[in-house]
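Hi,

Here is the structure I said I would pass on. Could you have a look when you get a moment, and read my notes alongside it?

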Amino acid sequence: MLQELLEQAGVPPEDFASTCVLVDKLDKLPEQWNFPKLTTCNLSQNRLTRLPELSAALKKLDASENRLTDVVSCLTNAEAHLEELSLSKNPSLGDAIWPAVALLTRLTLLDVCGCGLRSLLDGTF
């Protein structure tokens, strides 16, 4: 039955065993990435609904074209160095992004096109 579900999801039959091993390990993945020197991260064009806590050294993050619903918690450590942030085409984010963005004082690029915004951060950037 599981094999049929995986095949319907696009997993080829020859990948069934290795996919089961990966699925079994998903609950063992850490909540926080451990890449302390990571400065650029491109996570665009996926199906992510949330992001892990990011490296404090991160300068560029592209998480556009996902299904993100929250970014506040993942940007907590990144506020010191983050210069470029692209969250475009994540329509569920809406105005919930502003508390996180307000702390990013080093931003030189902010792309929030298609994020379902109803207001701008008090009108100043």
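Below is what I found, going from the whole chain to single residues.

First, a caveat: this is a predicted model. The mean pLDDT of the protein chain is 82, and 88% of its residues reach 70 or more. Confidence peaks in β3, at 95, while helix α2 (residues 16-25) comes out lowest, at a mean of 76. As a general reminder, where pLDDT is low, the predicted coordinates should not be read in detail.

**The overall layout**

The protein chain has 3 helices and 4 strands, and along the sequence they come in the pattern α-α-β-β-β-α-β. Of its 125 residues, 28% count as buried. The chain exposes about 8,300 Å², and 55% of that is supplied by carbon and sulfur atoms. If you take the contacts between residues at least 6 apart in sequence, 32% of them join residues at least 24 apart.

**The sheet**

The 4 strands make an open sheet, ordered β1-β2-β3-β4, with parallel pairing. At the edges sit β1 (40-42) and β4 (109-111), each of which pairs on one side only. On average, neighbouring strands here are turned by 5° against each other, direction ignored. Between β3 and β4 there are 3 bridges, in the parallel sense. Leu-85 takes part in this pairing, with Leu-110 of β4 as its bridge partner.

Ser-86 is worth a click too. It belongs to strand β3 (residues 84-86). Is Ser-86 buried or exposed? Its relative accessible area is 10%, so Ser-86 falls under the 20% limit and counts as buried. Beyond its neighbours within four places in sequence, Ser-86 is in contact with Leu-61, Asp-62, Ala-63, Ser-64 and Asp-111. For orientation, β2 covers 60-62 and β4 covers 109-111.

**The core**

The largest nonpolar core has 23 residues, and those touching the most other members are Leu-61, Val-71, Leu-75, Leu-82, Leu-85, Leu-87 and Ile-97. Helix α3 (residues 98-101) gives the most to this core, with 3 residues. In general terms, nonpolar side chains tend to be buried together in soluble globular proteins.

Leu-82 is a good place to start looking around in there. Which residues does Leu-82 touch, not counting those up to four places away in sequence? The list is Leu-58, Lys-59, Lys-60, Leu-61, Leu-75, Leu-104, Arg-106 and Leu-107. Two of these, Leu-61 and Leu-75, are also among the core residues that touch the most other members.

**The loops**

Some loop residues also caught my eye, and I have put them in chain order.

- Pro-36 is in the loop between α2 and β1. With a relative accessible area of 58%, Pro-36 is over the 50% cut-off and therefore exposed. Even so, Pro-36 touches Ser-55 and Ala-57, leaving out residues up to four places away in sequence. The C-alpha atoms of Pro-36 and Ala-56 are separated by 6.9 Å, with their positions 20 residues apart along the chain.
- Glu-65 sits in the loop between β2 and β3. Its phi is near 55°, a positive value in a residue other than glycine. At 33% relative accessibility, Glu-65 counts as partly exposed.
- Lys-89 is in the loop between β3 and α3. Phi is positive for Lys-89 as well, near 60°, and this residue is likewise not a glycine.
- Ser-92 is found in the loop between β3 and α3. Leaving aside neighbours within four places in sequence, Ser-92 is in contact with Leu-68 and Thr-69. From Ser-92 to Asn-66, the C-alpha to C-alpha distance is 9.6 Å, and they are 26 residues apart in sequence.
- Thr-105 lies in the loop between α3 and β4. Thr-105 is exposed, with a relative accessible area of 67%. Thr-105 and His-81 are 24 residues apart in sequence but 8.6 Å apart in space, C-alpha to C-alpha.

If you only have a few minutes, I would begin with Ser-86 in strand β3, then go on to the contacts of Leu-82, and finish with the positive phi values at Glu-65 and Lys-89.

Cheers

Methods
Residues are numbered from 1 along each chain as its sequence is written. This is a predicted model: local features need pLDDT of at least 70, side-chain atom pairs count only at pLDDT 80 or more; totals for chains, interfaces and linings use all residues. Side-chain values use heavy atoms; hydrogens and water are left out. Helices (H or I, at least four residues) and strands (E, at least two) are DSSP runs, numbered from the N terminus. Buried means under 20% relative accessible area, exposed over 50%, partly exposed in between (1.4 Å probe, protein chains only). Contact means heavy atoms within 4.5 Å. A nonpolar core is a set of buried Ala, Val, Leu, Ile, Met, Phe, Trp, Tyr and Cys residues joined through side-chain atoms within 4.5 Å. pLDDT is the predictor's confidence in each residue, from 0 to 100. Two strands pair if DSSP finds at least two bridges between them. Axes are lines fitted to C-alpha atoms, for helices over the stretch in contact, and angles run from 0 to 180 degrees between N-to-C directions. Accessible areas come from the Shrake-Rupley method with a 1.4 Å probe; for residues, only the protein chains shown count as cover.
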